[in-house]
Amino acid sequence: MSSAPSHHHGSRVAARDHCLSLVRAVDRPTGAARYGRMFPGLDPLGTDPQLLMRAGSDGGICDAAAVLDQLAPDGDDATEAAGWPFFGQLIAHDITADRSPITGGVGPEELRNARSPKLNLEIVYSDGPIGSPYLFDHNDPAKFLLGPDGGDVPRNQQGVALIGDPRNDVHLFSLSLHVALLHAHNRIVDWLRENGVPEADVFDRARITLTWHYQWIVVHDFLPRLVGASLVEQVLAGGCRWFAPPSLEAYIPLEFADAAFRYGHGQIRHAYRLVDDGPALPLFPDLVGFGPLPADRRLDLTQVFDVPGRPPAQRAKRIDGRLAASLIGLPEQVTGAVDTAAYRSLAVRDLLRGETTGLPSGETVARLLGVEPLTDDELGQSWPHGTPLWFYILKEAEHRGAGDRLGPVGGRIVAEVLIGLLRADPASYLSLEPDWEPVLPVTGSGFGMADLLTFGIHRDQPARRP
């Protein structure tokens with residue numbers, strides 16, 4: 001490796017305007033930053049909101065507390081590690097933000113997506129060192145600013161996180177993943193300098209390097225675990241049948257945002273261990289965010305992701321249509337003040353969101369895709385006119401995916417949307433260099449999430465020259 005080039009930290013003089021980057025957030029297409037329909041020919045289901053609130057409230061069919069006592073310890077553990085649904089939440093924050101009220105009042109065609117429909121880590125980079133200078137180190141603007149000991153994000157004097165998306169501060173797990181991405185970017189900056197990359201190019205190269213590795217993880221590590229490797233290979237080889245927007249015309253389907261990609265709510269464990277031999281704590285209220293991260297509440301990410309050389313991580317909860325108690329009664333820090341107690345339930349919010357955006361039933365989507373619909377026995381109850389798509393996809397995962405992965409309806413929606421978004425983004429690796437492969441160190445047979453986490457922590461790992 002060549003020696004690092006000389007550079008003047010703190011000079012605040014940039015040789016290149018980083019706002020000209022291919023992946024800057026300001027380039028998002030305004031007209032396309034909306035929501036749309038993946039299956040526009042299907043009619044809205046139309047379910048009585050009171051029925052939805054009863055189903056999602058305390059003691060309803062979506063409440064896991066009723067069956068928890070009947071299970072052996074870890075009896076509802078899934079195959080995959082507990083960190084993956086939180087990685088899915090990170091993806092969701094990266095590509096979609098619907099800020100309309102859950103009670104409706106805004107027509108689906110008028111909904112605005114506050115995020116660009118791209119897997120471009122906008123949640124991390126925002127508008128870069130020029131447009132969002134508060135995110136970066138004043139003495140070295142190519143690097144992110146971190147909290148005083150590196151274990152937290154920087155915060156203002158009132159404890160508010162200075163990050164690209166405040167939703168990543170909602171709880172310990174999303175915040176820990178955000179911090180890990182900041183460390184990975186800063187480590188990539190060091191690596192590029194060690195390899196003689198000109199200082200004027202370092203930030204842009206680091207951003208693209210991290211973004212492409214993140215996209216690779218989505219396609220080759222996250223999706224195969226969630227929908228199955230065969231479906232991923234089929235969509236990559238044969239293209240998307242139901243979601244194939246042209247370049248720069250991507251949008252977020254409501255069937256994805258308000259149903260299929262809310263699958264992760266059903267994978268949240270009842271309690272989590274943060275460190276070896278630590279106590280098991282529920283996600284809410286114990287691990288809620290929106291404030292400085294105390295040293296005794298730091299998460300060892302190897303507790304929720306499998307990393308070579310470490311014991312197996314905790315597993316995600318099996319997907320079965322039931323949510324952990326901490327999600328049926330969300331704290332006010334998450335929901336804000338609500339005038340109806342049922343709105344504290346994430347299940348109620350998910351069910352109502354699908355109703356207000358006019359989603360079709362799970363059965364009608366299944367028939368359109370040529371899939372045999374679930375039976376009433378599999379669904380656990382009979383819905384008067386059809387099953388809400390979100391709940392249907394969770395029950396489909398239970399019965400057609402063994403509780404470990406999405407079934408044919410949920411899997412098809414998620415795989416086509418995420419791969420379709422990458423193909424519609426001219427700056428993604430899948431568009432620019434579809435044969436590209438990761439250049440950061442690999443500990444196993446192929447690059448994955450564990451490698452990115454390890455690279456951000458350990459500085460002695462050699463990487464291929466950029």
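This is a short talk about the salt bridges in this structure, which is a predicted model.

A search of the whole structure finds 24 salt bridges. I will go through three of them and then one network.

Start with D98 and R353. They form a salt bridge, with the closest N and O atoms 3.4 Å apart. D98 sits in the loop between α3 (84-95) and α4 (122-125), while R353 belongs to helix α12 (residues 346-356), so this pair ties together parts that are 255 residues apart in sequence. How exposed are the two ends? D98 is partly exposed, at 22% relative accessibility. R353 is buried, at 6%.

Next, D149 and R298. Here the closest N and O atoms of the salt bridge are 3.1 Å apart. Both residues are in loops: D149 in the one between β4 (140-144) and α6 (172-194), R298 in the one between β7 (280-281) and β8 (315-317). The pair therefore links parts 149 residues apart in sequence. D149 is exposed, with a relative accessible area of 53%, and R298 is partly exposed at 22% relative accessibility.

The third pair is E398 and K395. Their salt bridge has its closest N and O atoms 2.7 Å apart. What separates these two along the chain? They are 3 residues apart in helix α15 (residues 389-400), which means about one helical turn lies between them. Both E398 and K395 are buried.

Last, the network. R115, E122, D165 and R167 are joined into one network by salt bridges that share partners.

Key: Residues numbered from 1 in each chain as written. Predicted model: local features only at pLDDT ≥ 70, side-chain atom pairs only at ≥ 80, totals over all residues. Heavy atoms only, no water. Salt bridge = Lys/Arg side-chain N within 4 Å of Asp/Glu carboxyl O. Helix = DSSP H or I, 4+ residues; strand = E, 2+ residues; numbered from the N terminus. Buried < 20%, exposed > 50% of the residue type's maximum accessible area, 1.4 Å probe, protein only.
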